[in-house]
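Work through the exercises below with the sequence and the model side by side. Try each task before reading the solution that follows.

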Amino acid sequence: MGTKSANRTLLALALGGAALFGCDDGGGGGTADMGPGMGGSPGMGGTPGQGGDPGQGGDPGQGGDPGQGGDPGQGGNPGMGGEPGMGGMGGAPGGEGTCDAPLSFTDNGDGTFTASGMVDGDEYAGTCSATDDGQGNPNPTADAVVAFTAPAAGFYRFETLGSEFDTVLYARTTCADDASELACNDDYGDPQAGELQSRLAVQLEADQQVFLFVDSYSGLDPMPFTLTAEAVQATAPTLTSAEAVRAGDNYGVRFVGTDPEGDVAFFGLELIGADGNPIVFEDGTTEIAPVPIGNFGGIVAEGENFTATIEFDTEALPEIADAASMRVWVLDELELASEKIAVEFGEPTLLANGDACEPGSAFEACPDDTRCLDRDEDETFTCSTVTAPTITLAEAFVNVPEKALGVHVMGMDPEDDVTTMTITLLDGEDMPIVVNPGDPAEEQLTELEVQFGDLEQEGGNFDGRLSGVLTDLPEAVVPTIANVRVVVNDSASLSSEPATAAIMAPAVIDEGAACDVVQAFDTCSGELECIGPDADNPFEDTVCSVATAPALTAGAAYLGEGEDPTFGVRVEGTDAENNAAGVYVILLDGEGAEIDLGAEPGKGIQLAFNQIARADGTFTGALGFPLSALLDCGPVADAALEACINETGDLFACFEVADMAFNACIEENTPALAAAASIRVKAYDTTDLQSDWLDLDLVAPPALESGAECLSGDYLGACSTEGELCIPTEDGLPTCQEPTVECPAAWGEVDLNASVQEDGSWQYSGDNTDAPAEAGGGSCGGGGAVIALAFTAPEAGTYAFYIAESEADTLIYAREFCVVPESELACNDDYDGVNSGLELELEADQRVTLIIDGYNGDAGTFTLVGMAGGLPELQ
């Protein structure tokens with residue numbers, strides 16, 4: 001999601017950075033003004049929108065007084081109105097989704113109403129819609145109009161939470177008049193957590209009609225939406241008191257009040273300058289509201305009483321630095337607001353050394369020379385004495401040909417809480433070197449804060465080192481590095497005095513000696529290579545060893561059919577060190593000429609094996625993916641993004657432009673790849689020693705018999721025996737075999753049914769930090785350490801599974817067969833914040849495997865809850 005310009009998002013939610021140092025995502029029931037059809041006799045409810053010749057006959061529903069326009073049955077048979085008194089509300093959602101023919105709600109009979117359809121076309125915009133496409137064209141997004149008539153006076157809430165795209169929702173009293181807008185909402189919830197649907201509430205009179213516009217925040221692609229409506233109780237919250245504190249750049253506000261519905265969810269601020277007048281923001285406003293309290297703090301409620309606390313800094317709201325005081329208020333989910341309260345800034349409570357404290361709180365402060373720390377890692381924080389680290393030794397090494405940098409520091413730190421180091425590259429004049437000069441779109445950096453590759457600290461002493469490749473530094477600049485300035489940082493944000501180390505060349509070491517695989521601290525002599533015993537973990541336990549290049553003995557290459565054909569390669573070979581890693585590939589056309597893939601001619605593109613089996617100096621490796629993945633369309637997209645940003649400055653719209661450029665590049669160049677007749681391939685190992693080239697004809701993927709080696713995605717061919725799938729084996733490539741629902745014993749599959757709770761739900765608490773990374777990920781991500789849980793449905797129906805709490809960013813996927821990714825039934829990353837949840841329709845006694853994975857390899861403790869029925873509604 002990109003930047004959205006709305007008053008409620010003036011508070012920045014997050015900061016990001018760039019990694020620069022390589023170290024170890026039917027007819028309608030009439031027109032919109034069918035008011036006269038709202039009364040009539042109850043016989044007007046028929047089959048809504050279906051009566052007679054729909055929309056024909058007489059004048060009923062066209063403008064006369066209720067019940068005029070002919071007796072019921074004249075001028076369109078009964079059915080012209082919907083449920084008695086509801087106009088077109090009860091009918092099928094016919095209509096085109098425009099002001100001339102809006103869609104309708106269906107009365108669910110329980111006080112709720114539902115409408116569904118497609119956003120399509122682009123005719124309307126609300127005050128919180130995307131403003132343009134970055135090229136001056138207004139609001140290029142698909143939309144749809146739904147009409148609603150209030151059955152009684154009161155507040156009504158509308159929400160798109162059942163929709164699966166980034167919605168915008170706004171309401172008008174007059175459909176074609178944008179000045180009649182009552183409310184507009186883009187994202188209800190936390191956009192940082194992917195909560196991109198919309199919710200708003202409006203107050204309506206009985207029989208009052210309102211038009212709801214469902215808009216896509218971005219794009220014109222037709223998308224299905226679900227819109228719900230219901231009457232809600234509404235009382236504005238009351239503030240009884242408020243206080244504000246500031247400590248340097250940190251600010252805190254605490255609200256105390258009452259709210260009968262218990263739905264306080266937002267806060268508002270108005271900053272007051274030293275002159276006593278409100279501070280005016282860049283957009284000409286003086287108020288910031290509504291901002292979700294949950295983005296900056298939380299609420300504690302006891303009955304009708306609540307206490308809400310928010311904390312932020314000047315990076316989130318720079319203007320607050322000029323404020324002498326502020327006016328504050330809170331709002332509920334319907335955005336009904338309390339009265340404003342004026343508050344002066346106070347000072348945080350000063351604690352004593354050893355006192356319990358809340359880390360990061362603006363309302364309390366530890367004494368000088370102390371920090372709020374959890375020294376014993378028992379989740380009890382106290383004000384603790386801190387001391388900055390001291391560097392006693394600093395060394396720096398540069399391997400110019402490899403662009404590799406190594407830094408070694410030793411020193412003292414009484415708290416043993418060293419965390420990172422900050423390095424600055426210096427030239428011969430001791431001037432800082434910009435480490436990312438090739439990217440003018442980014443801030444030019446001379447300092448890099450990096451994690452240690454290895455760090456030992458005990459008894460007040462530390463010894464740490466890091467080696468990596470300066471990926472963004474031009475080759476010509478590397479030889480100009482003369483010194484490295486190093487600062488060591490600890491968990492209390494204290495830093496050492498800087499130490500400067502003169503550059504040294506890496507040492508040359510002999511066979512059998514431990515070595516740095518990055519070749520920053522040392523290089524192996526002669527023809528020796530820095531190799532570890534485990535090719536899947538090439539950075540561990542490496543020593544200088546005699547190394548031989550792999551050799552290819554056989555192979556096959558496959559090209560599928562279709563708009564985006566599949567591409568697969570399988571090779572066999574020998575490799576004494578058992579560290580073969582992948583292949584270089586060149587595509588050749590029917591005349592044997594090389595097809596341009598963006599690589600240096602004759603070099604080929606480097607591809608890692610998807611699957612490899614190594615044993616006793618031999619290997620079998622395979623890889624496969626859509627053919628278009630061989631195209632290097634990234635630079636095309638980057639160029640389009642940069643040009644768009646330079647022209648418009650609209651980052652979000654420019655992402656769309658870059659995406660279109662990328663897709664156009666794929667579409668334009670894939671046919672040339674699909675015309676390939678053969679490939680030239682050579683194997684490489686973890687030290688990039690390479691075999692000779694081997695030429696292979698491209699043939700159609702075959703039908704594979706039982707036991708044949710295969711690859712997920714049918715890149716090497718599809719299993720032909722009915723019921724067989726491509727299933728991983730323990731010591732080789734996957735093979736075509738009959739699938740089993742159970743997971744391999746090494747996975748330690750857990751029986752979720754054994755953890756039934758008193759309320760009939762199932763619950764399991766676990767930790768996947770050290771679990772095996774066997775599942776390979778789901779369609780929504782993952783691929784890290786997993787815990788698998790077996791579940792058997794006691795009866796047919798809907799079952800929900802969700803993470804109730806977790807210290808990691810989890811995701812869940814469910815499979816019919818544990819080890820077969822193609823048998824996935826559902827996958828979810830973020831259902832409730834970063835916690836995951838999914839629903840499954842299961843038959844009685846159907847067994848599934850639930851796999852708890854982590855986003856981008858994240859792992860940690862979690863609690864999974866399973867229950868009959870749908871997922872709980874988020875509050």
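Helices (H or I, at least four residues) and strands (E, at least two) are DSSP runs, numbered from the N terminus. The model is a predicted one, in which local features need pLDDT of at least 70 and side-chain atom pairs count only at pLDDT 80 or more, while totals for chains, interfaces and linings use all residues. Residues are numbered from 1 along each chain as its sequence is written, and side-chain values use heavy atoms, with hydrogens and water left out.

**Exercise 1. Positive phi angles**

Task: Locate Asp430 between its strands, and state whether Asp430 is buried or exposed, or in between.

Solution: Begin with the position, which is the loop between β26 (418-426) and β27 (447-451). Next, recall the classes of relative accessible area, where buried means under 20%, exposed over 50% and partly exposed in between (1.4 Å probe, protein chains only). Asp430 has a relative accessibility of 41%, so Asp430 counts as partly exposed. Finally, look at the backbone, where phi of Asp430 is near 60 degrees, a positive value in a residue other than glycine. Most residues other than glycine have a negative phi, and most peptide bonds are trans.

Task: Carry out the steps again for Glu335, beginning with its loop.

Solution: Glu335 is found in the loop between β18 (325-332) and β19 (341-346). Its relative accessible area is 33%, and Glu335 is therefore partly exposed. The phi angle of Glu335 is near 65 degrees, which is positive although the residue is not glycine.

**Exercise 2. A cis peptide bond**

Task: Find which residue is joined to Pro290 by a cis peptide bond, and name the strand that holds Pro290.

Solution: The cis bond joins Ala289 and Pro290, with omega about -10 degrees. Pro290 itself belongs to strand β15, which covers residues 287-292.

**Exercise 3. Two packed helices**

Task: Describe how α1 and α2 pack, giving the angle and the distance between their axes.

Solution: Two packed helices are described by the angle between their axes and the distance between the axes. The axes are lines fitted to C-alpha atoms, for helices over the stretch in contact, and the angles run from 0 to 180 degrees between N-to-C directions. Helix α1 (residues 634-648) and helix α2 (residues 651-674) pack at about 150 degrees, and their axes are 8 Å apart. Angles under 35 degrees count as roughly parallel, over 145 as roughly antiparallel, 65 to 115 as roughly perpendicular and the rest as oblique. The two helices α1 and α2 are therefore roughly antiparallel to each other.

Task: List some of the residues through which α1 and α2 meet, and say how many of the contact residues are nonpolar.

Solution: Contact means heavy atoms within 4.5 Å. On the α1 side the residues include Ala637, Leu641 and Ile645, and on the α2 side they include Phe655, Ala658 and Phe662. By class, the contact of α1 with α2 has 14 nonpolar, two polar and no charged residues. In this count Ala, Val, Leu, Ile, Met, Phe, Trp, Tyr, Cys and Pro are nonpolar, Asp, Glu, Lys and Arg are charged, and the others, Gly among them, are polar.

**Exercise 4. Loop residues and their contacts**

Task: For Cys128, give the loop, then the residues that Cys128 touches.

Solution: Cys128 sits in the loop between β4 (112-119) and β5 (143-149), and Cys128 is buried because its relative accessible area is 12%. Not counting residues up to four places away in sequence, Cys128 touches Val168, Cys184, Asn185, Asp186 and Tyr217. With Asp186, the separation is 58 residues in sequence and 6.2 Å in space, C-alpha to C-alpha.

Task: Do likewise for Ser218, beginning with its loop.

Solution: The loop between β10 (209-216) and β11 (223-232) holds Ser218, which is partly exposed, with a relative accessible area of 22%. Leaving aside neighbours within four places in sequence, Ser218 is in contact with Thr141, Phe652 and Glu656.

Task: Find which residues Gly604 touches.

Solution: Gly604 lies in the loop between β38 (580-588) and β39 (605-608), and at 8% relative accessibility Gly604 counts as buried. Beyond residues up to four places away in sequence, Gly604 touches Tyr584, Val585, Ile586 and Ala599.
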